[in-house]
Amino acid sequence: MVSYKELGLVNTREMFKKAIDGGYAIPAFNFNNMEQMQAIISACVEASSPVILQVSSGARKYANQTLLRYMAQGAVEYAKELGKNIPICLHLDHGNSFELCKSCIDMGFSSVMIDGSHLPYDENVALTKQVVDYAHQFDVTVEGELGVLAGVEDEVSAEHHTYTRPEEVVDFVSKTGVDSLAISIGTSHGANKFKPEQCTRNAEGILVPPPLRFDILAEIEKQLPGFPIVLHGSSSVPQEYVKIINTHGGALKDAVGIPEEQLRQAAKSAVCKINIDSDGRLAMTAAVRKVFVDNPAEFDPRKYLGPARDELKKLYMHKCENVLGSAGKA
């Protein structure tokens, strides 16, 4: 058993309280490797933003759980080396079983998500409560989910979305004891969040998705005043990255995301954690593809992963400063 406190990490409790009071959201950036972690930490130190390092089940298998633990510890020390001891949380994204959540807690995670949203309501409650009961023994915070997000990202996949039912949230939170609640109001996973027929085209011919259901969010806030709300699937899919990828040998078709002004609006509410994964993947892929096309003789990984890391840092600083409002809040 390794306590996250020994690694210098924090849980989300204080982070979320400050975010709700301050009208901003904490960035939850997914990572699988060293370059992603370097980009996240250097961006958040420079922006002076608290941050949630997010690890999916697939990322944990890819990177190795022991290495991840030391990478998270390294992230804390790296931030100090860069000049700022920002609050850093290590969070399991979309845990799908009690066993996985327990393993992460035992290995030094400071926060876990148990996603029982695909289960019948009573089973979701029972599974979420089981994780909460274990996690709270070690002061680890737990995120639950009500409603289903469509789309595909990593090991999470659903054909259709189901909006969160505001009438269920009080019962769910009181029965499970969760510390935060992920809801479904129209965001979705992956780079292809919406089919073209669901969107309209603006004057530049760019696909514009249907707006988020802020009416559902407002009703949930009314039911759970001051309670931390989480948005998954909140990448904006910057079209400049899509263009770079597609003009450098890629084949991303109809990739469209959530407009950043809608995320900024959400961040001013009780939404205090916003998950961003696909945008980071796009930024890295765009930078790598550009190097491969512009310098086809290049074979030093540092020469293409370095630019990818730099592009990622630029993206994450933009998210903290202009979208989530978390810059200067560390």
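Me: OK, so a helix here is a DSSP run (H or I, at least four residues), numbered from the N terminus. What kind of phi does Gly108 take just after H5?
Reply: Gly108 has a positive phi, about 105 degrees. Keep in mind that this is a predicted model.

Me: Noted. Which residues of H5 are buried?
Reply: H5 covers residues 98–106, and its buried residues are Phe98, Leu100, Cys101, Cys104, Ile105 and Asp106.

Me: And what do those buried residues pack against?
Reply: Two helices and two strands: helix H3 (57–63) and helix H6 (121–135), plus strand S3 (88–95) and strand S4 (111–114).

Me: Let's look at S4 then. Which residues point which way from it?
Reply: Ser111 and Met113 point one way, while Val112 and Ile114 point the other way. Both pairs are buried. In a regular strand, side chains alternate between the two faces of the sheet.

Me: How many bridges join S3 to S4?
Reply: Three, and the two strands run parallel. One pair of bridge partners is Gly95 and Ile114, with Ile114 sitting in S4.

Me: Zooming out, what do the strands close into?
Reply: A barrel of eight strands, with parallel pairing. The order is S1-S2-S3-S4-S5-S8-S11-S12. From one strand to the next, the twist averages 25 degrees.

Me: Which strands does helix H7 touch?
Reply: H7 (residues 166–176) packs on the sheet and touches S5 (141–146) and S8 (180–183). The direction of H7 makes about 150 degrees with that of S5.

Me: What about S1 and S2, how many bridges do they have?
Reply: S1 (residues 26–30) pairs with S2 (residues 51–56) over three bridges, in the parallel sense. For example, Asn30 has Gln54 in S2 as its bridge partner.

Me: New topic: how many disulfides are there?
Reply: Zero.

Me: Huh. Why is there no bond from the sulfur of Cys104?
Reply: Because the closest cysteine sulfur, in Cys101, is 6.8 Å away, which is too far for a bond. The cut-off for a disulfide is within 2.5 Å.

Me: And how far is Cys44 from the nearest cysteine sulfur?
Reply: The sulfur of Cys320 is the nearest, at 4.0 Å, and Cys44 is in no disulfide.

Me: Is Cys44 buried or exposed?
Reply: Cys44 is at 0% relative accessibility, so it counts as buried. Cys104 is also at 0%, so Cys104 counts as buried too.

Me: Where is Cys272 found?
Reply: In strand S12, residues 271–276. Cys272 counts as buried because its relative accessibility is 0%.

Me: What is Cys272 in contact with, beyond its neighbours within four places in sequence?
Reply: Its contacts include Phe16, Ala19, Ile20, Tyr24, Pro228 and Ile229. As for Ser326, it lies 54 residues from Cys272 in sequence, with 9.8 Å between their C-alpha atoms.

Me: Last bit, the whole chain. How many helices and strands does it have?
Reply: Twelve helices and twelve strands. Of the 330 residues, 58% are buried. The C-alpha atoms fill a box of roughly 60 × 45 × 35 Å along the principal axes.

Me: What radius of gyration would a compact globule with 330 residues have?
Reply: Near 20 Å, and this chain has 19 Å, which agrees.

Me: And how much area does the chain expose?
Reply: About 13,800 Å², with carbon and sulfur atoms supplying 52% of it.

Key: Residues numbered from 1 in each chain as written. Predicted model: local features only at pLDDT ≥ 70, side-chain atom pairs only at ≥ 80, totals over all residues. Heavy atoms only, no water. Pairing = 2+ DSSP bridges. Axes fitted to C-alpha atoms, helices over the stretch in contact; angles between N-to-C directions. Contact = heavy atoms within 4.5 Å. Buried < 20%, exposed > 50% of the residue type's maximum accessible area, 1.4 Å probe, protein only. Rg over C-alpha atoms; globule rule 2.2 N^0.38 Å. Areas by Shrake-Rupley, 256 points an atom, 1.4 Å probe, with all protein chains shown as cover.
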